[in-house]
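This report describes the fold of a single chain, its overall dimensions and one part of its surface. Please keep the sequence and the structure in view while reading.

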Amino acid sequence: QLRANVAEAAKEARSKLIRVVMHDLRSPLLSTINMMELLLTLPESTTLVQPVARQAVENSAHCAKLMENIVSDMLDFERMDSGCLKLEYAPCTLADITGAVHDAFAEVAREKGVTIHVRPLP
């Protein structure tokens, strides 16, 4: 009975994890799609040197990197299950994190009439 309960709990935990990951992948994917659609609507004379095009490409690349990180995280969960996970620490700043969040969600927020403001801490 205990084994069956543990197996059921593990199954439920995996299902919840998959739901969360699918939700987390959706936001950067939608942002990437929106940036690509923006690029397609620009006049043919637009070059990547122009700010609107360059920003769209940079945001798309960033969102793609977010999705790659989510997939990597999923693989890490698998490594944890198998006991093969190796942790690596990397320095980061709050400004880096908030800037990345702003870049990833600014376009989606704009489409919904929401403005995201990011200010440095005093």
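The sections below go from the secondary structure to the whole chain and then to a surface patch.

## Model and fold

The model is a predicted one, and its chain contains three helices and zero strands. Followed along the sequence, these elements give the pattern α-α-α. With a radius of gyration of 19 Å, well over the 14 Å that the globule rule gives for 122 residues, the chain is more spread out than a compact globule.

## Dimensions, contacts and burial

Taken along the principal axes, the box filled by the C-alpha atoms of the chain is roughly 65 × 35 × 25 Å. When contacts are restricted to residues at least 6 apart in sequence, 62% of them join residues that are at least 24 apart.

Of the 122 residues in the chain, 15% are buried. The area that the chain exposes is about 9,700 Å², and 62% of this area is supplied by carbon and sulfur atoms.

## A nonpolar patch and Y89

On the surface, F77, M80, L85, L87 and Y89 together make a nonpolar patch of about 560 Å². One of these patch residues, Y89, is placed in the loop that lies between α2 (51-82) and α3 (94-111).

Is Y89 buried or exposed? Its relative accessible area is 76%, and because the cut-off for an exposed residue is over 50%, Y89 counts as exposed.

Terms used: Residues are numbered from 1 along each chain as its sequence is written. This is a predicted model: local features need pLDDT of at least 70, side-chain atom pairs count only at pLDDT 80 or more; totals for chains, interfaces and linings use all residues. Side-chain values use heavy atoms; hydrogens and water are left out. Patches are made of residues with over 30% relative accessible area and no salt bridge: like charges are joined within 9 Å, nonpolar side chains (Val, Leu, Ile, Met, Phe, Trp, Tyr) within 5 Å. Accessible areas come from the Shrake-Rupley method with a 1.4 Å probe; for residues, only the protein chains shown count as cover. A salt bridge is a side-chain nitrogen of Lys or Arg within 4 Å of a carboxyl oxygen of Asp or Glu. Helices (H or I, at least four residues) and strands (E, at least two) are DSSP runs, numbered from the N terminus. Buried means under 20% relative accessible area, exposed over 50%, partly exposed in between (1.4 Å probe, protein chains only). The radius of gyration is taken over C-alpha atoms; the globule rule is 2.2 Å times the number of residues to the power 0.38. Contact means heavy atoms within 4.5 Å.
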